[in-house]
Amino acid sequence: MSRPAAAVHRVIKAYDVRGLVGEELDEGFVADVGGAFARLIGDGASLVVIGHDMRASSPSLAARVRRGK
């Protein structure tokens with residue numbers, strides 16, 4: 001999915017991803033990020049850890065990152 005660069009830069013920081021769920025982050029966005037990350041690392045990593053916090057939206061967003069696009 002194509003997104004404006006400014007929208008991506010508001011959410012993706014140097015060391016983390018931060019944004020308001022439903023406004024700046026949604027399952028489509030995090031799936032795109034997961035897919036892009038997988039393409040970036042290719043076969044260069046044997047293990048990637050995806051963490052999340054206790055918020056209700058975290059498990060579904062983490063699952064979408066894992067599935068990617």
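**Exercises on a predicted three-helix model**

The largest nonpolar core consists of 5 residues, Val-11, Leu-25, Phe-29, Val-30 and Leu-61; such a core is a set of buried Ala, Val, Leu, Ile, Met, Phe, Trp, Tyr and Cys residues joined through side-chain atoms within 4.5 Å, and buried means under 20% relative accessible area with a 1.4 Å probe, protein chains only. This is a predicted model, in which local features need pLDDT of at least 70, side-chain atom pairs count only at pLDDT 80 or more, and totals for chains, interfaces and linings use all residues. Residues are numbered from 1 along each chain, and side-chain values use heavy atoms, without hydrogens and water.

**Exercise 1.** State which residues Val-11 touches beyond four places in sequence.

*Solution.* A contact means heavy atoms within 4.5 Å. Two residues touched by Val-11, Leu-25 and Phe-29, also belong to the core. Val-11 further touches Asp-16, Val-17, Arg-18 and Glu-24.

**Exercise 2.** Describe the fold and determine how compact the protein is.

*Solution.* The elements run α-α-α from the N terminus, with 3 helices and 0 strands; helices are DSSP runs (H or I, at least four residues), and strands are E runs of at least two. The radius of gyration, 12 Å, is close to the 11 Å that the globule rule gives for 69 residues, so the protein is as compact as a globular protein of that length. The radius is taken over C-alpha atoms, and the rule is 2.2 Å times the number of residues to the power 0.38.

**Exercise 3.** Find what share of the residues is buried.

*Solution.* Of the 69 residues, 22% count as buried.

Definitions and conventions:
Buried means under 20% relative accessible area, exposed over 50%, partly exposed in between (1.4 Å probe, protein chains only).
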